[in-house]
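User: I would like to learn how to read the sheets in a structure. Could you take me through one?

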Amino acid sequence: ERRSQYLQTQAPCCFIPNYDYCASAVCPALPDNIGVIGIAHSDDIEHYEHVYRLGRYWNAIVCVSDHIAKGVAKINPLFADKITQIPYGISKVPAAVQPRTRTKEEPLRIIYTGRMIQHQKRVRDFVPIVRELDRRKVPYKLTLVGSSTDEKDEAYLRTELMKHLVDGRVSMPGRLPYDQVLDLLQIHDVLVLTSGWEGLPLALLEGMAHGCVPVVSRIDSGVP
């Protein structure tokens with residue numbers, strides 16, 4: 001009720017509830033002088049359910065990829081005229097990519113940036129990735145940047161990769177300020193994204209903009 005009252009004091013205005021499912025619940029009660037723009041961020045059943053439930057009350061639906069736009073139109077063909085596709089962008093793109101100088105003997109510098117969760121991001125996949133790099137005797141340094149409110153997956157990685165953390169082949173600096181993440185991207189060779197699904201991954205755009213070669217899972221949205 002407080003959200004509705006606040007929005008009405010701002011009217012005429014535009015409300016963008018994003019993926020705040022609680023804030024979105026006010027949409028059916030809003031008067032016509034408050035426009036609503038909903039955003040479908042991810043190729044994820046939760047996001048599709050959100051659009052399906054409330055899309056009829058939205059004036060416009062923004063989808064971040066062609067695949068998601070088709071998915072939204074499929075769940076309700078009446079939404080088709082409301083859909084606009086706007087891909088994500090990133091605000092900091094260097095004027096030139098810093099050249100990589102690495103010999104065969106030097107370690108391959110691999111980085112992941114994102115939430116440390118198994119759901120969607122599949123961060124536990126880094127354990128078999130590391131084991132395979134060891135088996136193939138590939139010299140490498142793996143940096144896993146990020147954190148999560150649910151620490152169980154991060155704790156799993158720290159336990160399974162303990163000897164690699166000790167000898168320096170793997171580092172887990174946790175969550176870092178944005179500019180520090182961009183600085184790290186410039187000194188790594190490869191960005192790895194193990195996600196099961198995405199919208200249009202900002203981490204992928206940032207890595208590519210800073211000269212990292214992307215190694216990604218084959219998913220339908222954004223990555224292609």
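Analyst: This is a predicted model. Start with the order in which the strands lie side by side: one open sheet has 5 strands in the order β7-β6-β5-β8-β9, and their pairing is parallel.

User: Which strands stand at the edges of that sheet?

Analyst: Look for strands with a single partner. Here they are β7 (170-174) and β9 (213-216), so each has one side without a neighbour in the sheet. From one strand to the next, the twist averages 25°.

User: How many bridges pair β8 with β9?

Analyst: Strand β8, residues 190-193, pairs with β9 over 4 bridges in the parallel sense. To follow this pairing at the residue level, find L193, which stands opposite V216 in β9.

User: Which strands does helix α8 lie across?

Analyst: Helix α8, residues 178-185, lies across β5 (108-113), β6 (140-145) and β8. The helix runs at about 150° to β5.

User: What is the strand order in the open sheet of 4 strands?

Analyst: Read along that sheet, the order is β1-β2-β3-β4, with parallel pairing. Its edge strands are β1 (13-15) and β4 (83-85), each of which pairs on one side only. The twist in this sheet averages 25° from one strand to the next.

User: Which residue in β4 does V62 stand opposite?

Analyst: V62 stands opposite T84. As for the strands themselves, β3 covers residues 60-63 and is joined to β4 by 3 bridges, the two running parallel.

Terms used
Residues numbered from 1 in each chain as written. Predicted model: local features only at pLDDT ≥ 70, side-chain atom pairs only at ≥ 80, totals over all residues. Heavy atoms only, no water. Pairing = 2+ DSSP bridges. Axes fitted to C-alpha atoms, helices over the stretch in contact; angles between N-to-C directions. Contact = heavy atoms within 4.5 Å.
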